[in-house]
Amino acid sequence: MNTDITALLEIEWAEILPFALPVVVFNFLIIGIALYDWFKRRNLIAAPYVWLAAIILLQLLGPILYLVIGRRLIQNDYSRETS
Amino acid sequence: MTNFYTLTRTELVEAAKEFKFIWLTLFFVILGITQPLITKYMDVILENVGGADGITIDPNRPVPSSAEVLLSTISGQFNQIGLIILIISFMGLIAADRNSGMQDFVLTRPVSLRSYLLSKLMGNWVISMFSISIGAAVSYGYTIFLFGSFSFSNFLLFVLLYSLWILFIVSLAILISTFVKSPILIAVTTIAVSIFFILVKGFNHLLFQLSPGGILNLAENQLLSVHDLNYFSIATCLAFILLNLSWANRNLKKS
């Protein structure tokens, strides 16, 4: 991960923005969907705050992993012990 | 066939409730947009992002044609990271049913095993193709905008042939989930086998051309406007899908 934020100030935004904007918007949209689902189920799923960090910090992969795996891992899942 | 219809609809409704249509589509759209943009603006990106001092890009480099960019989007992005996410998204298609006891519940009704398996295949195929075709269409739009025009009918033919490959992947996942219990293992095995087929299709030997990966070769050649195509691989791909399904059917019947 590139943590040098000052590089962001030097980018010629006007040049890049029209093309980069859809990518940014879609990324935020997918994070938004994952956060909405997380907010509804935060008392239900196992380790909710770990998943919150994953959704926000891992770009693109975090929300998808949450939606595929995270929302199914439920606290006190008794069905797993019997199988 | 009404059983098949009901089960397929259940599958689609379940996917809609999990926002699967939305996030899978968004994921493929992002994948499809990123590749043409990076190809086009590589020099701008390298100039502006720090830590790239001393790297120069040949200013006289040939501009890739739109067909090449589309090809690199599909075979470089959709067929690698896209395939992995796709398989992870349907790794539980039979395992989840079995572990929650829903499979016994469904199969004790007057529902044939065949319509159950076919509905799984159909439902997941429709979901995947919905997302992939939207992602590919957006990628196509960006590509012709940035790199010049490309025949739409060839692109359509390509998506049709690519959908057969996705159908094969879904049937492979069904087959493997009759052998293995844990969803994660199913995903890993399916990814490994499908990547094996993708690798093997490159060898120029009749045996490898007849493997299911041959359909990918045929699809990619639609983009490159190669004549002398081997349409026989459509038949072999369909045969492999049927083989997978009947094998899965037999395995489930035994257990």
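# A tour of chains A and B

Start by selecting chain A, which has five helices and zero strands. Its pattern along the sequence reads α-α-α-α-α. What you have open is a predicted model, with an ipTM of 0.74 and a pTM of 0.85.

**Stop 1: chain A as a whole**

Colour chain A by pLDDT. The average is 79, and 72% of the residues score at least 70. Which helices mark the two ends of the scale among the elements of chain A? The lowest mean, 58, belongs to helix H5 (residues 78–82) of chain A. The highest, 89, belongs to helix H3 (residues 48–57) of chain A.

Now colour by burial. Of the 83 residues in chain A, 16% are buried. For contacts in chain A with a separation of 6 or more, 60% involve residues 24 or more positions apart.

**Stop 2: two loops in chain A**

Select Ala47(A), in the loop between helix H2 (13–41) and H3 of chain A. Its phi is positive, about 50°, although Ala47(A) is not a glycine. Is Ala47(A) buried or exposed? Ala47(A) counts as exposed because it has 12 C-beta neighbours inside 10 Å, and the cut-off for exposed is 12 or fewer.

Next select Leu60(A), in the loop between H3 and H4 of chain A. Leu60(A) is also not a glycine, and its phi is positive, near 70°. With 19 other C-beta atoms within 10 Å, Leu60(A) is partly exposed; a buried residue needs 20 or more.

**Stop 3: Leu67(A)**

Move along to helix H4 (residues 61–68) of chain A and pick Leu67(A). Leu67(A) is buried, because 24 other C-beta atoms lie within 10 Å. Show Trp38(A) as well: Trp38(A) and Leu67(A) are 29 residues apart along the chain, and their C-alpha atoms are separated by 8.8 Å.

What does Leu67(A) touch, leaving out residues up to four places away in sequence? In chain A there are Ala34(A) and Asp37(A); in chain B there are Phe19(B) and Trp23(B). Follow the last two across to the other chain.

**Stop 4: chain B as a whole**

Select chain B, with twelve helices and zero strands. Read along the sequence, the pattern is α-α-α-α-α-α-α-α-α-α-α-α. The radius of gyration is 20 Å, close to the 18 Å that the globule rule gives for 255 residues, so chain B is as compact as a globular protein of that length. Turn the chain to see its C-alpha trace, which spans about 65 × 40 × 30 Å along the principal axes.

Colouring by pLDDT gives a mean of 84 for chain B, with 96% of residues at 70 or more. Confidence is lowest in helix H10 (residues 206–209) of chain B, with a mean of 72, and highest in helix H8 (residues 152–179) of chain B, at 90.

Buried residues account for 38% of the 255 in chain B. Of the contacts in chain B between residues at least 6 apart in sequence, 78% join residues at least 24 apart.

**Stop 5: helix H1 of chain B**

Zoom in on helix H1 (residues 2–17) of chain B. Its 16 residues, at 1.5 Å a residue, should span 22 Å, and the end C-alpha atoms are indeed 22 Å apart. Which residues of H1(B) are buried? They are Leu7(B), Thr8(B) and Ala15(B). These residues cover an arc of only 100° around the axis, which means that they lie on the same side of H1(B). The cover over them includes helix H2 (20–40) and helix H7 (113–147) of chain B.

Rotate to the other side of H1(B), where the exposed residues include Tyr5(B), Arg9(B) and Lys17(B). After H1(B) comes Phe19(B), with a positive phi near 60°.

**Stop 6: Arg114(B)**

Go to helix H7 of chain B and select Arg114(B). Arg114(B) is partly exposed, with 13 other C-beta atoms within 10 Å. Add Phe4(B): Arg114(B) and Phe4(B) are 110 residues apart in sequence, yet 8.8 Å apart in space, C-alpha to C-alpha.

**Stop 7: the nonpolar core**

Finish with the largest nonpolar core, which has 69 residues. Phe27(B), Phe168(B) and Ala173(B) touch the most other members. H8(B) gives the most to this core, with 15 residues.

Select Phe27(B) last. Setting aside neighbours within four places in sequence, Phe27(B) is in contact with Ile85(B) and, from chain A, with Ile30(A) and Ile64(A).

Methods:
Residues numbered from 1 in each chain as written. Chains lettered and ligands numbered in written order. Predicted model: local features only at pLDDT ≥ 70, side-chain atom pairs only at ≥ 80, totals over all residues. pLDDT = per-residue confidence, 0-100. Helix = DSSP H or I, 4+ residues; strand = E, 2+ residues; numbered from the N terminus. Expected span 1.5 Å × (residues − 1). Arc of directions from axis to C-beta. Contact = placed C-beta atoms within 7 Å. Rg over C-alpha atoms; globule rule 2.2 N^0.38 Å. Core = buried A, V, L, I, M, F, W, Y, C linked by C-beta atoms within 7 Å.
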